[in-house]
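Me: I would like a close look at a single part of this structure, followed outward into its surroundings. Please take it step by step.

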Amino acid sequence: MWIPFGYLIAAVLFILGLKKLSHPRTAPLGNRLSSLGMAVAIGTALVQMEFGSGPITNWNMILLPMGAGALIGLVLACKAKTTSMPELVALFNGFGGAASALVASAECWKFVEASELALPDPFTKTVAFGAAGFSAIIGWCTLTGSLLAVLKLLGGVSLFGKWFAAPTWGPSWLNVVKVLLAVLVVVLTVALVNDPRDARWPILLLASSSVFGVLLVLPIGGADMPVVVSLLNSLSGIAAAFTGFIINNPLLLVAGSLVGASGFILTIVMCKAMNRTLSGVLFQPYTAHASEKLTRTKVGSDPEEVAMVLDGARKVIIVPGYGMAVSQSQHVVKEFAELLAQKYDTEVKYAIHPVAGRMPGHMNVLLAEANVPYEQMVEMDDINSEFPECDVALVIGANDTCNPAAREETGPLAGMPIINVDQAQHVVVVKRSLGVGYAGVDNDIFYMNKTMMLFGDAKTMMGQLNKALAES
Amino acid sequence: MIDPSLFLLNLTLFVLAIFLGVELINKVPATLHTPLMSGANAVSGISVIGALFGTQIVMQDDGRSVASLLAGIALMLAMANVVGGFAVTHRMLNMFKKKS
């Protein structure tokens with residue numbers, strides 16, 4: 001009778017956890033509170049199953065999948081490199097969506113398989129199967145969308161020794177297809193409510209929602225993936241909330257809609273940081289800029305030359321990007337900063353673009369791992385005015401986030417706020433090639449007279465630069 | 001016997017929790033966007049509760065093998081989401097903690 005009290009405790013722990021998770025000092029506590037809430041929730045559910053709705057007859061059916069799942073999650077989370085955490089979040093998110101969809105499908109299939117099982121009264125039937133339909137739609141859509149997002153974050157996949165790049169494709173008529181699919185899944189849900197014993201409906205829902213999820217993410221470029229992952233995270237919360245309507249569980253409802261709403265707000269916050277609108281990200285047709293032919297060229301510099309420019313520098317601003325994450329060069333970068341401070345008493349700061357890397361806060365995470373003092377990481381808006389007085393701006397594996405093309409009226413980058421690297425006295429760019437970034441636009445910065453290019457892997461190049469600096 | 005009161009109660013919880021969620025995440029520093037997303041993602045693994053009850057319903061009768069298989073897979077995936085989500089958030093936050 002009083003067992004569901006545990007759900008209230010869990011819900012309160014989730015709310016406190018999320019609240020604390022949004023402040024830097026209390027964040028670790030917040031995560032612990034949320035996980036405690038989850039433990040309470042699972043414990044309450046098990047007690048309720050054992051003593052409330054009849055004893056559990058087959059513990060293996062519960063403990064085996066739970067153990068296997070926990071192991072998979074733990075291994076993935078602990079083995080992942082710090083660079084691939086965004087992909088991992090997207091993958092787990094897909095799992096969550098699939099779980100909700102499967103719960104809904106199992107609920108439907110129960111009536112397909114056991115014809116002797118009486119259907120509930122019309123009202124309950126409408127609520128339960130309507131919720132099951134929506135939970136399945138959103139869940140499957142989240143699964144396929146997340147998997148495609150993982151693929152796009154990775155850049156592609158290697159199969160049988162061949163590399164397949166993640167596709168981005170979306171003519172404007174695709175939006176019409178999306179609308180038609182959205183109508184189709186709603187029609188299928190109505191059909192499911194009318195005739196829950198027909199096995200075709202859950203299967204057709206699976207198929208059409210999966211296609212819908214793929215089509216939703218397919219036209220969106222890799223640079224917008226953080227927004228997409230955040231949106232899918234919000235959707236997986238809503239899917240969980242809908243399963244709450246099926247099994248009448250208050251905690252599923254509360255926790256699901258809590259994540260759904262806060263995830264949506266986070267998505268909007270991210271869009272604002274990129275000066276985009278959510279509808280722009282989702283529905284703008286993808287126009288291929290046929291991988292813009294590079295007509296200009298630039299002679300590469302070497303670490304010794306760069307070390308000379310750095311001689312006696314008073315102020316250096318480091319602008320990290322995805323290249324730093326890929327090469328795991330944050331520790332070498334930190335050594336570089338310390339070396340400068342020691343030798344020339346240089347003031348070193350890090351300029352953090354809100355969407356640098358593959359996730360907001362990606363750079364902060366990496367730099368913090370290398371023990372870079374928090375005060376040295378300055379957000380874009382606060383540091384942009386400091387570039388004219390800065391001797392050297394060192395760009396490490398960043399491209400789009402400092403591309404002046406964003407200041408123009410048109411083009412894929414138009415309107416995105418950028419880091420004003422071009423205003424520094426000297427610019428040093430560590431990059432593997434002159435190739436374009438995610439947005440596929442050539443970068444004027446590389447060709448300026450005051451720019452020196454260090455072509456190569458960021459970790460190797462920074463190592464050589466540190467050596468040259470120490471010897472100079 | 002049609003009684004919408006339970007549904008209305010559920011709907012009330014659903015709507016109120018949405019309002020709470022909007023208020024909860026108001027000012028978040030960019031640094032915490034990724035950990036917050038990851039932590040919220042772990043919480044959305046609450047569908048593990050749904051999967052648990054799903055397995056119980058099908059356990060009571062042997063004739064529903066497909067449904068029990070679906071619920072079992074759901075339980076596994078939800079658990080991976082929960083455990084992995086919290087663990088990866090913990091790892092991210094640990095990186096911040098070291099600096100102080």
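What should the 26 residues of helix 2 of chain A span, and how far apart are its end C-alpha atoms?

Reply: This is a predicted model, and every value below is computed from it. At 1.5 Å a residue, with the expected span taken as 1.5 Å times one less than the number of residues, the 26 residues of helix 2 of chain A should cover 38 Å, and because the end C-alpha atoms lie 36 Å apart, the two values agree. Helix 2 of chain A is followed by A:Gly54, which has a positive phi, near 100 degrees.

Helix 2 (27-52) also belongs to the side of chain A that touches chain B, where it supplies at least two residues, as do helix 1 (5-21), helix 3 (60-79), helix 4 (85-113), helix 5 (122-154), helix 8 (225-247), helix 9 (250-273) and helix 14 (362-369) of chain A. The contact as a whole takes 103 residues from chain A and 82 residues from chain B. On the side of chain A, helix 9 gives the most, with 19 residues, and by class that side divides into 65 nonpolar, 31 polar and seven charged residues.

The partner, chain B, has four helices and zero strands, in the order α-α-α-α along the sequence. Of the 100 residues in chain B, 61% are buried, and among contacts in chain B with a separation of 6 or more, 63% join residues 24 or more positions apart.

Back in chain A, the loop between helix 8 and helix 9 holds A:Asn248, a residue other than glycine whose phi is nevertheless positive, near 55 degrees. With 16 other C-beta atoms within 10 Å, A:Asn248 is partly exposed. A:Gln328, in the loop between helix 12 (322-327) and helix 13 (330-344) of chain A, is likewise a residue other than glycine with a positive phi near 55 degrees, and A:Gln328 is partly exposed, with 16 other C-beta atoms within 10 Å.

Elsewhere in chain A, helix 11 (residues 303-310) packs against helix 16 (residues 458-471) at an angle of about 55 degrees, with the axes 8 Å apart. The two helices are therefore oblique to each other, since an angle of 65 to 115 degrees would be needed for roughly perpendicular and one under 35 degrees for roughly parallel. The crossing of helix 11 and helix 16 of chain A is right-handed; the contact is made by A:Pro303, A:Glu304, A:Val306, A:Ala307 and A:Leu310 of helix 11 together with A:Gln464, A:Leu465, A:Ala468 and A:Leu469 of helix 16. By class, this contact has seven nonpolar, one polar and one charged residues.

Definitions and conventions
Residues numbered from 1 in each chain as written. Chains lettered and ligands numbered in written order. Predicted model: local features only at pLDDT ≥ 70, side-chain atom pairs only at ≥ 80, totals over all residues. Contact = placed C-beta atoms within 7 Å. Nonpolar A, V, L, I, M, F, W, Y, C, P; charged D, E, K, R; others polar. Buried ≥ 20, exposed ≤ 12 C-beta atoms within 10 Å, placed from the backbone. Axes fitted to C-alpha atoms, helices over the stretch in contact; angles between N-to-C directions. Parallel < 35°, antiparallel > 145°, perpendicular 65-115°, else oblique. Left-handed = near helix turned anticlockwise from the far one by under 90°.
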